[in-house]
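Work through the following exercises with the sequence and the model beside you. Try each task before you read its solution.

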Amino acid sequence: MEDEIINKVANSILVIFDLEDYYPTGIRTQIDISQWLFDGFLLKEKDFRAELKKHDWTQYQNQYVAINCSTDAIVPAWASILVAIQLAPFAKKIINGTLEDLDASLYEQLLSEIDYSVYKNKSIIIKGCSRKPVPMRAYVLAAKYLQPFARSIMYGEACSAVPLYKALKKD
């Protein structure tokens, strides 16, 4: 008679907190302001405004958009704001920064809205491997929000989790 194989991980009291479960679906787009600068470096206000007027902003309908400049151009703050104003009627969310900054911003909003009390006195593993671009800031925020409730927090996978936090035992 063979011994039954028991999946100890599946039977454990560990709770997996997977940031991929909160990943917002939708198209992410980055707009590079340098495309509207003279030689990619010099902002000529009249030309810049004319290019923005010609641009088809409807293509960003319901998209998450990051505005940045890929060159070392010194771009006045109002330029990004003007692009954001053009995008506002169409985009779901607009930030100034990279696509990673955009994902971080989306997670900041989502993670702030979760009821973490369901994790009270639980041993939690913040799942480390993901197929989606979960930014490091999201992991840091998740740990911050979980800590007041969790008995313990680990990072990684159940078979090889790294301990991060353990609540002090109360007498």
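**Exercise 1: a salt bridge between two helices**

At 26% relative accessibility, D101 counts as partly exposed, where buried means under 20% relative accessible area, exposed over 50%, and partly exposed in between, with a 1.4 Å probe and protein chains only. This is a predicted model, in which local features need pLDDT of at least 70 and side-chain atom pairs count only at pLDDT 80 or more, while totals for chains, interfaces and linings use all residues. Residues are numbered from 1 along each chain as its sequence is written, and side-chain values use heavy atoms, with hydrogens and water left out.

Task: find which side chain meets D101 in a salt bridge, a term that requires a side-chain nitrogen of Lys or Arg within 4 Å of a carboxyl oxygen of Asp or Glu.

Solution. Begin with the contact: the partner of D101 is R137, and the N to O distance is 2.5 Å. Next, place both residues: D101 belongs to helix α3 and R137 to helix α4 (residues 136-146), so the bridge ties together parts that lie 36 residues apart in sequence; helices here are DSSP runs of H or I with at least four residues, strands are runs of E with at least two, and both are numbered from the N terminus. Finally, check the cover: R137 is partly exposed, with a relative accessible area of 39%.

**Exercise 2: buried or exposed?**

Task: decide whether R28 and D103 are buried or exposed, and locate them in the chain.

Solution. First, the closest N and O atoms of the salt bridge between R28 and D103 are 2.5 Å apart. The two residues sit in distant parts of the chain, R28 in strand β2 (residues 28-32) and D103 in helix α3, 75 residues apart. As for cover, both R28 and D103 are buried.

**Exercise 3: a bridge within one helix**

Task: describe the salt bridge of K54 and E51 and the cover of each residue.

Solution. Start with the distance, which is 3.0 Å from N to O. Both residues lie in helix α1 (residues 45-54), three residues apart, or about one turn of the helix. K54 counts as exposed at 62% relative accessibility, whereas E51, with a relative accessible area of 29%, is partly exposed.

**Exercise 4: two strands side by side**

Task: state how many bridges join strand β3 to β4, given that two strands pair if DSSP finds at least two bridges between them.

Solution. Four bridges join β3 (residues 64-68) to β4, and the strands run parallel. Within this pairing, V65 stands opposite I94 in β4. Turning to the faces of β4 (residues 93-96), K93 and I95 form the covered one, while I94 and N96 form the uncovered one.
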